[in-house]
Amino acid sequence: MEPPPRDPASVSRRRFLIHTGALTTGIAAEVRLPMSEAAMPAQAAGGESEMRLRVNGQVHALRLDPRVSLLDALRDHLGLGGSKKGCGHGQCGACTVLVDGRRINSCLALAIAQEGREVTTIEGLAAGGKLHPVQAAFVAHDGFQCGYCTPGQVISCVAMLEEARRGDASAVTADLDAAPLLDDAEIRERMSGNLCRCGAYVNIVAAARDAARRA
Amino acid sequence: MQPFAYLRADRIEDAIAASGPDARFLAGGTNLVDLMKSEVERPLRIVDISRLPLDRITETREGGVRIGALVPNADCANHPLVRERHPLLSRALLSGASPQLRNMATTGGNLLQRTRCYYFMDAAFDACNKRRPGSGCAAREGRNRIHAILGASEQCIATHPSDMAVALAALEAVVEVHGPRGARRMPMEDFHRLPGATPQRDTTLEPAELVVAVEIPPGSFARASTYLKVRDRASYAFALVSVAAALDLRDGRVHEARIALGGVAHKPWRAREAEALLRGATPGEAAFDAAARASVAGARPYRDNAFKVTLAQRTVARALRVAAGIA
């Protein structure tokens, strides 16, 4: 994390602190922000915030700088190193996790903004010592080489199957209203947010095809 | 990343009241958080608006479609009302970004995303009038393959990167914003602006104004429309040139035409001259080629992007043929 601000605007900072105090104690007089109880009070820039994250069914209480991404919270503060940091800019997909069942790039999500949501990482897929069917398909088809992108690929594939099941179209779907059929062209398009620099795409597509057939 | 105070709003009024010159609204975060990481954006306060009740798509009394500002791009593309009435918008959305990003990115955020000009995106470059007003434009004399051919200025030749906004421009959508002085609505065409001498402003939004919804009026373009995106790779890339084309065909003639281009200007580029040429014309190669030429009237390319002038014409002509079903 970067050093504290070189020259934080003192006026702004004071205003935050005033707001923080007024909001948390419920004093109405000078408060410009009539936040309801559910709203989160303002924190001073540069401070840390209490947050509760629900990951793989477990709730964790954390105290983190609001700049911490969901990915860094998972890896550096919760010991869940399965999700990988590839580019840090939402371009490679190695950090893909599910939030409320939807695949997202966790490197572009602030941890604090995920409160109240259910995060599922690669560590949360297997149940009762048994691999998730998509994990098993990647093993069966050797859908990786170095393995760095694999957690993101697997999570993304799990989400892809769910999206297709509920009828979501893709850019290559000919008929927007037809039930999507996950052929190789659909799989390639729908998995295009996950890069593999080893180039194991042939086997990744095979694994996804197999998982789709069994889904 | 510069430290910031984080505040979560659960009412629109709270979000607006919490805004300010050093604040940014956070929705999906796909563009903002990325720009904060590279310190192109340095807000002192983040107002998280992702919990505001703006995530619905509904039908308006007039038969239009109202899309809440926080509807994720993926949900918008796959919503039955959008698919059936405005497949052009579904297609534009599905052509953009990746599934992960479409799950995060919102309608309002998509409109407000910043240019992907290399010199804007990288704070190591000194000259960028959009990032540092008055510092110059490195792109004019630098690498400008992805830059504007229409409506640019001495100060900025950046393009707007959105696919969604191009479709919305063609569909004559209306943007509803709320601010300290109340609500107002403006046509898509007036939402984004040309760079002129103040390229630091992408839109006509006033300080603390928040996009709350986009409304698409009822229209007769559903059957004969297409979004054609040309890019460097088959998926997950920004448009070099994109075209939203929509035709209202009646009795073998073009009753009304809509053409908007992406990747060519600082805003979605409505080709009104081309549309006027098509009105009343018999759909076919001759009319479409004439419209294609008119679409790039006044184009001014730079060192690396002259190809876009030809590419844009070809893309317009082909999009019109596809829309008319004679491709």
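User: Which elements each supply at least two residues of the lining of the second largest pocket?

Analyst: This is a predicted model, in which local features need pLDDT of at least 70, side-chain atom pairs count only at pLDDT 80 or more, and totals for chains, interfaces and linings use all residues. Residues are numbered from 1 along each chain as its sequence is written, chains are lettered from A in the order in which they are written, and side-chain values use heavy atoms, with hydrogens and water left out. With helices (H or I, at least four residues) and strands (E, at least two) taken as DSSP runs numbered from the N terminus, the elements that each supply at least two lining residues are β4 (102-105) of chain A together with α3 (73-78) and α6 (99-104) of chain B.

User: Is strand β8 of chain B largely enclosed or open?

Analyst: Strand β8(B) pairs (at least two DSSP bridges between the strands) in the antiparallel sense with β6 (residues 174-179) of chain B over five bridges, and B:Val175 stands opposite B:Val214. Four bridges join β5 (residues 65-68) of chain B to β8(B), also antiparallel. Seven of the seven residues of β8(B) are buried (under 20% relative accessible area, 1.4 Å probe, protein chains only), so the strand is largely enclosed.

User: How many disulfides are there over all chains?

Analyst: A disulfide is a pair of cysteine sulfur atoms within 2.5 Å. The sulfur of A:Cys92 lies 3.9 Å from the closest cysteine sulfur, in A:Cys87, which is too far for a bond. For A:Cys196, the nearest cysteine sulfur, that of A:Cys149, is 4.0 Å away. Over all chains the count is zero.

Key:
Buried < 20%, exposed > 50% of the residue type's maximum accessible area, 1.4 Å probe, protein only.
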